[in-house]
Amino acid sequence: MAWSTGVWFLLILIQPVLSVFASFIDVPTARKNGSLVYYSPLLLSSALKHNKIQLHGGTLFDYYYTLSMHKSESRNKKAILYSYIEGMINMLDSFSKDQDDVKIEANAYFINPHTAERLGFKKVKTKNAQKIIMLLNYVPITISYTIAMGKLSFPNIFSLKSYESTMGELRKNRSKLFTMFERINK
């Protein structure tokens, strides 16, 4: 009994450390084998599978190489939003109109639901599995968030929201994406 308790305790201690370094190995490997697709430096998705993709904001790997702790919070937030919108435009360009039924799923703890709806996403109930994944990845999420904010910051992952859309719905809002993209680029 003591042995198995010790193993569980060790796994609980090691998991946060492993989660920090995992993106520096997993992401390049997944990109190389095609299971992750980058649409911009901070927007990626799972590969198309069963007519569905899962959008992801940048990983710790991406934040580390893209953003700067020396820039202000507002400049980093602007860079993140710019990269997300650029990625959505590139994603739309990579799918043909006959793929407009492809389902898009996304989870975020910092995107305003009103903004998401303006772009064609609908807020849906967050799956418990997603909440657990966010909790298990709290350490790398906190480091990424700290880089984005330019100072030690702790994200509220309990405000996790889930969104769904289709390529067709996003395509209908392409002009809004371009308008936001141009406004941010000024």
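With a relative accessibility of 39%, Lys-176 counts as partly exposed, because that class covers the range between the buried limit of under 20% and the exposed limit of over 50%. This value, like the others below, comes from a predicted model. Lys-176 has its place in helix H8, which spans residues 174-185, and on the surface Lys-176 gathers with Arg-118, Arg-183 and Lys-186 in a patch of positive charge.

A contrasting case is found in helix H7, made up of residues 167-172, where Leu-170 lies. Leu-170 has a relative accessibility of 0% and therefore counts as buried, since buried means under 20% relative accessible area. Although Leu-170 and Phe-121 are 49 residues apart in sequence, their C-alpha atoms are 7.6 Å apart in space.

The strands can be followed by starting from E2, residues 43-46, which runs antiparallel to E3, residues 52-57, and is joined to E3 by three bridges. Within this pairing, Leu-43 has Gly-57 of E3 as its bridge partner. The hairpin formed by E2 and E3 has five residues between the strands, and in this hairpin His-50 takes a positive phi near 55°.

Strand E3 also pairs with strand E4, residues 103-108, but here the two strands run parallel and are joined by four bridges. In this second pairing, Gln-54 finds its bridge partner in Glu-105 of E4. Strand E3 is thus joined to E2 in an antiparallel arrangement and to E4 in a parallel one.

Terms used:
Residues numbered from 1 in each chain as written. Predicted model: local features only at pLDDT ≥ 70, side-chain atom pairs only at ≥ 80, totals over all residues. Heavy atoms only, no water. Patch = residues over 30% accessible without salt bridge, like charges linked within 9 Å, V, L, I, M, F, W, Y side chains within 5 Å. Areas by Shrake-Rupley, 256 points an atom, 1.4 Å probe, with all protein chains shown as cover. Salt bridge = Lys/Arg side-chain N within 4 Å of Asp/Glu carboxyl O. Lys, Arg positive; Asp, Glu negative; His and termini not counted. Charge placed at Lys NZ, Arg CZ, Asp CG, Glu CD. Buried < 20%, exposed > 50% of the residue type's maximum accessible area, 1.4 Å probe, protein only. Pairing = 2+ DSSP bridges.
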